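Trainee: I'd like to learn how to read burial and helix packing in a model. Can we go through one together?

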Amino acid sequence: MPGPSYPPAIKRLGQNFLIDPNIVRKIIALADLTSEDTVFEVGPGRGVLTEALSRAARRVVAVEIDPTLHGLLLARQAEWPNVELVCEDALAYPIERLPPGAIVVANLPYYLSTPLLFRLLDGRDRLPRMVLMLQNEVADRLVAEPGGSDYGVLSVMAQYAADITKAFKVSANCFRPRPEVGSAVVLLKTRASGRLGSEEEMRLRLLVKASFAHRRKTLINSLRDEGYKIEPVMTALQQLKLSPACRAETLSVEQFMELTQRCV
């Protein structure tokens, strides 16, 4: 029996559909799912990964923003009785609907990958593990270490919230239509909230963003240009035994945390 006829990909929604069954198998293996798990999938697209997830997990919640694709997936609902298909923007989907311990497995649309990633990490108390397909460049930034050009706001804030591993690269030939960039799959094991209080965590975000706002400048000058008072920053750097000429990209996640706590 022939499969459904899918409409062309919508460029503005970043639709590049995974077609390689070997990559699907590698993603499922990395997710390490059990028959008791609930999976949250963002952007099921044409359902290639959804089908495999439905076989590996107890329940799958798949959120698709494209109503046409959502309708075509609904037409296959009988094949996946344990899949809940939701037509909604994943940025607006209430994470609290998911049961604690839900596993995220998703091929994130590249144009929205960073805001989606931050939103998922904000729900990390409920989401202990994530397996995400991302643009290779974004994956490199996620795992970047201090001192390199890839290390920045995304690196610090993601590593603050999770232990991250770049698992494997994915060729552009594994998608239709073929994207113009390479891809990679990353594994994130989230850290429980509580390393900093909620107010301190907000201050950390603001401090890190301000620190990298002017990469060519020293940390002190970048923070000053973003409205921070120099005296407490200088004092904090001295206490942390950091040079006043240091730049943001040389500080570790832990040093940013300590700087946040001292620059009150």
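Mentor: Sure. Let's start with a cut-off: a residue counts as buried when its relative accessible area is under 20%. Keep in mind as we go that this is a predicted model.

Trainee: Then let's try a residue. Is Val156 buried or exposed?

Mentor: Val156 has 0% relative accessibility, so it counts as buried. You'll find Val156 in helix α6.

Trainee: And what is Val156 in contact with, leaving aside its neighbours within four places in sequence?

Mentor: Tyr151, Val208, Phe212, Val253 and Phe256. For a sense of scale, try Val156 and Ile230: 74 residues separate them in sequence, and their C-alpha atoms are 22 Å apart in space.

Trainee: Let's move on to helix pairs. How are two packed helices described?

Mentor: In general, you give the angle between the two axes and the distance between them. Take α6 and helix α7 (residues 198-211): the angle is about 160° and the axes are 9 Å apart. Angles over 145 degrees count as roughly antiparallel, so α6 is roughly antiparallel to α7. Their crossing is right-handed.

Trainee: Which residues make that contact?

Mentor: From α6, Val153, Val156, Met157 and Tyr160; from α7, Glu201, Leu204, Arg205, Val208 and Lys209. Sorted by class, the contact of α6 with α7 has six nonpolar, no polar and three charged residues.

Trainee: What about α5 and α6, at what angle do they pack?

Mentor: Helix α5 (residues 136-143) meets α6 at about 60°, with the axes 7 Å apart. That angle makes α5 oblique to α6. Here α5 passes α6 in a right-handed crossing. On the α5 side the contact uses Val138, Arg141, Leu142 and Val143, and on the α6 side Leu154, Ser155, Ala158 and Gln159. The class tally for α5 with α6 is five nonpolar, two polar and one charged.

Trainee: Now α1 and α2: how far apart are their axes?

Mentor: Helix α1 (residues 21-31) and helix α2 (residues 48-56) have axes 10 Å apart, at an angle of about 40°. The two are therefore oblique to each other. As for handedness, α1 passes α2 in a right-handed crossing. Val24, Ile27 and Ile28 of α1 touch Val48, Leu49, Ala52, Leu53 and Ala56 of α2. By class, the contact of α1 with α2 has eight nonpolar, no polar and no charged residues.

Trainee: Where do nonpolar side chains tend to be in soluble globular proteins?

Mentor: They tend to be buried together. In this model the largest nonpolar core has 60 residues, and Phe40, Leu132, Leu188, Phe256 and Leu259 touch the most other members. Helix α6 (residues 153-161) gives the most to this core, with six residues.

Trainee: What does Leu132 touch, not counting residues up to four places away in sequence?

Mentor: Here's the list: Val104, Ala106, Leu108, Leu117, Leu120, Ala184, Val185, Val186 and Leu188. Apart from that core lies another, of 29 residues, with Ala62, Leu73, Tyr110 and Phe175 among them.

Trainee: One more residue to finish. Is Thr260 buried or exposed?

Mentor: Thr260 counts as buried, because its relative accessibility is 2%. Thr260 is found in helix α10 (residues 253-262). Leaving aside its neighbours within four places in sequence, Thr260 is in contact with Glu200, Arg203, Leu204 and Leu207.

How values were computed:
Residues are numbered from 1 along each chain as its sequence is written. This is a predicted model: local features need pLDDT of at least 70, side-chain atom pairs count only at pLDDT 80 or more; totals for chains, interfaces and linings use all residues. Side-chain values use heavy atoms; hydrogens and water are left out. Axes are lines fitted to C-alpha atoms, for helices over the stretch in contact, and angles run from 0 to 180 degrees between N-to-C directions. Helices (H or I, at least four residues) and strands (E, at least two) are DSSP runs, numbered from the N terminus. Angles under 35 degrees count as roughly parallel, over 145 as roughly antiparallel, 65 to 115 as roughly perpendicular and the rest as oblique. A crossing is left-handed if the near helix is turned anticlockwise from the far one by less than a right angle, and right-handed if clockwise. Contact means heavy atoms within 4.5 Å. Ala, Val, Leu, Ile, Met, Phe, Trp, Tyr, Cys and Pro count as nonpolar, Asp, Glu, Lys and Arg as charged, and the others, Gly among them, as polar. A nonpolar core is a set of buried Ala, Val, Leu, Ile, Met, Phe, Trp, Tyr and Cys residues joined through side-chain atoms within 4.5 Å. Buried means under 20% relative accessible area, exposed over 50%, partly exposed in between (1.4 Å probe, protein chains only).
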